[in-house]
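Here is a short set of exercises to work through with the model open beside you. Try each task before reading its solution.

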Amino acid sequence: MRLLSAKSEELEGLRDGEPVDGGPGGSGDGGAADAVPQDVAEETARAVAEASGEDAGSGSGSGAEPGSGSGGKPTGGSDGSDGSDGSDGGAAGDEPAGSGPSGANDPDTVDPDADTVDHKVFPARRERHTPLYGRGKRILPWKHKARLAPPQRRRRKIIVRSLWGCVLVVCGTIGWSIAGALTSPGTDTVQARLAEWGRDHGLGGVVSTLEKWQYDLDPPKKGGAVDARQFSDLGPTTAPNAAAPTKPAKSGAPGGKPGATPSPAADVIAMQPRMPAPAGLTLEPGEGVFQVAVQTPDGQPVVQVARIRPDAEYTDVAADVAWIDQKHSRYVLHPGHEGDLNKTVTTVPNQIDGDARPGLIALFNGGFKISESHGGYYDHGILAAPLVDGAASEVIFKDGHMAVGMWGRDYSLQKNPEIVSVRQNLRLMVDNGQVVPYINDSSNWGRSDHGSAAVWRSGVGVTATGDIVWVGGNKLTAPSLARLLKDAGAVRGMQLDINLRWADFQYFPAHDGNPDNSKLYEDFLQGPNKFFVNSTKDFMAVYLR
């Protein structure tokens, strides 16, 4: 039992913080002993005590040392003789029990000269230390349930079940909310629905980060050649009239000189000039040439469209440009259901109903989500979001005409009481006919990466004569979008929404608002019914006067 006594002494030393002989803190290098957790020390002590009790059962008295007599003295002679009558018991005081031949095959026998100790002496320690809880130290911050008393186990069961209940409630609520977003009416894609659900629930930063990662992993390719057919294949377009209609001469009025050209009528709409070539490019045949998309009943080109490459860097795509004559059109701002905007603004629906289709000649997208637009929203006396001074603004007046300008400087409700609708989004990118000096500061066009990224973008502007121009396309940066607005004739211009699922322009040659008619975009993601069924985003409807 010498080993058991040594183990007991070692345990007492560990409890008192003393180094173990032969260890780093022993007689060797003099280092500090490794600390043993209290619960492990207690278990080891119990195992040693149990093993000691089993071996001591063959001794003479309880509480006596192995090999001692009833008085606790060795059975050998008191004078130090070897005590032959008690040699077996006296030897036990110096040697482990069973060290003789009779204990050679005993499984509980411990050889003091062996390098390892049979772990069967300490079964509890090996059985209770699992990989999760470690050997000799606890890895998890809580105890194994085998070490807990029954009241502690009951408390732990209540706590664990309560936590699982909270997890199920939270996950169920989130799942129900996402399911509602995915099954709501509309034409939005699953990706668009999940992205907008995230932004509506405070995850806008996460969504933008994921979009940035996606862009970085698959950036747009530069260079390349565009299909020249894109410049002429713009949908159901017609050639401009060969001769402009003229007003008949008044009866009795003096005629003009023979062969003189009659003066054109005052309401004749001229075709827009060809757009200039972007820097570093030479225009292809048909590129930048406007074609008639929608005509008035008397054949005037009220909507004209063209297609042109945006810059010399991304030459495999073409941007779309639409020009709308203001004298023959009127505008209506529609809310979307994003952020429950349609529940706040109830004067107009968030879709084109059947009775609103007659006279409809065009539709185009609105701006960013209101909470990310750095601007406000106002419609027919309802202030859905506060209007911000200095923000770029689409402004609609009582007579139906539209303007684009800086709020507070160009327009305000105090200076212009005839205003009925205002949609703000970011800042002006074209002002006084020039691209603004801060165009390269990407923080002005959304989150930090939105200005520099070449993605689907759209914008709207007003010309010096009051007409409206819309520009949109793929692989557009904020600077290239601003230059296209300027080249299309805008003296003030602003960015609208970005990404393919939101940038959109549709026109209707028959003035019937039929969604089955062709559209300007070839790569149209959500189909022609986007604005006719529960639109997510706000949009602008253009009607023929």
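**Exercise 1. Around helix α9**

Which residue just after α9 takes a positive phi? Then decide how far the helix is enclosed by the rest of the structure.

Solution. A word of care before starting: this is a predicted model.
- Step 1. Go to the end of α9: just after it, G489 has a positive phi of about 110°.
- Step 2. Now take the helix itself, residues 478-487. Its buried residues are A478, P479, S480, L481, A482, L484 and L485.
- Step 3. That makes 7 of the 10 residues buried, so α9 is largely enclosed by the rest of the structure.

**Exercise 2. Salt bridges around R409**

Find the salt-bridge partners of R409, and work out what the pair with D431 ties together.

Solution.
- Step 1. One partner is D410, and the closest N and O atoms of this salt bridge are 2.8 Å apart.
- Step 2. Check the accessibility of both residues. R409 has 38% relative accessibility and counts as partly exposed; D410, with a relative accessible area of 23%, is partly exposed.
- Step 3. Another partner is D431, whose side chain meets that of R409 at 2.9 Å, N to O.
- Step 4. Place this pair in the fold. D431 belongs to strand β11 (residues 428-431), while R409 is in the loop between β9 (402-406) and β10 (419-424), so the salt bridge ties together parts that are 22 residues apart in sequence.
- Step 5. At 15% relative accessibility, D431 counts as buried.
- Step 6. Look for a network elsewhere: salt bridges with shared partners join E338, D497 and K537.

**Exercise 3. One more salt bridge**

Are K327 and D325 buried or exposed? Give the total number of salt bridges too.

Solution.
- Step 1. The side chains of K327 and D325 form a salt bridge, at 3.3 Å from N to O.
- Step 2. K327 has 55% relative accessibility, over the 50% cut-off, so K327 is exposed.
- Step 3. D325 has 2% relative accessibility, under the 20% cut-off, so D325 is buried.
- Step 4. For the total, the structure holds 12 salt bridges.

**Exercise 4. Aromatic rings and charges**

Classify the ring pairs F364 with F505 and F397 with Y411, then look for charges over rings.

Solution.
- Step 1. Recall what is needed: a pair of aromatic rings is described by the distance of the centres and the angle of the planes.
- Step 2. The count of aromatic pairs comes to 6. For F364 and F505, the centres are 6.2 Å apart and the planes are at 10°, so this pair is stacked.
- Step 3. F364 lies in strand β5 (residues 360-365) and F505 in strand β16 (residues 505-507), so the pair ties together parts that are 141 residues apart in sequence. Both F364 and F505 are buried.
- Step 4. For F397 and Y411, the centres are 5.9 Å apart and the planes are at 70°, so this pair is edge-to-face.
- Step 5. F397 lies in strand β8 (residues 392-397) and Y411 in the loop between β9 and β10, so the parts tied together are 14 residues apart in sequence. F397 and Y411 are buried as well.
- Step 6. Ring pairs also link F364, W470 and F505 into a cluster.
- Step 7. Turn to the charges. The charged end of R427 sits over the ring of Y438, 3.8 Å from its centre, and K537 lies over the face of W502, at 5.0 Å from the ring centre.

**Exercise 5. An open sheet**

In what order do the 5 strands of the open sheet lie, and which are the edge strands?

Solution.
- Step 1. The order is β7-β6-β10-β8-β9, with antiparallel pairing.
- Step 2. The edge strands are β7 (382-385) and β9, each of which pairs on one side only.
- Step 3. Neighbouring strands of this sheet are turned by 25° against each other on average, direction ignored.
- Step 4. Zoom in on one pairing: strand β6 (residues 377-379) and β10 run antiparallel and are joined by 3 bridges. Here Y378 stands opposite V422 in β10.

**Exercise 6. A recorded span**

What share of residues 163-182 is helix?

Solution.
- Step 1. The unreviewed UniProt entry lists residues 163-182 as "transmembrane region".
- Step 2. In the model, this span is 100% helix and 0% strand, and its end C-alpha atoms lie 28 Å apart.

Terms used
Residues numbered from 1 in each chain as written. Predicted model: local features only at pLDDT ≥ 70, side-chain atom pairs only at ≥ 80, totals over all residues. Heavy atoms only, no water. Salt bridge = Lys/Arg side-chain N within 4 Å of Asp/Glu carboxyl O. Buried < 20%, exposed > 50% of the residue type's maximum accessible area, 1.4 Å probe, protein only. Helix = DSSP H or I, 4+ residues; strand = E, 2+ residues; numbered from the N terminus. UniProt positions renumbered as here; feature names shortened; annotations may be inferred. Phe/Tyr/Trp six-rings, centres within 6.5 Å; stacked < 30°, edge-to-face > 60°. Lys NZ or Arg CZ within 6 Å of the ring centre and 35° of its normal. Pairing = 2+ DSSP bridges. Axes fitted to C-alpha atoms, helices over the stretch in contact; angles between N-to-C directions.
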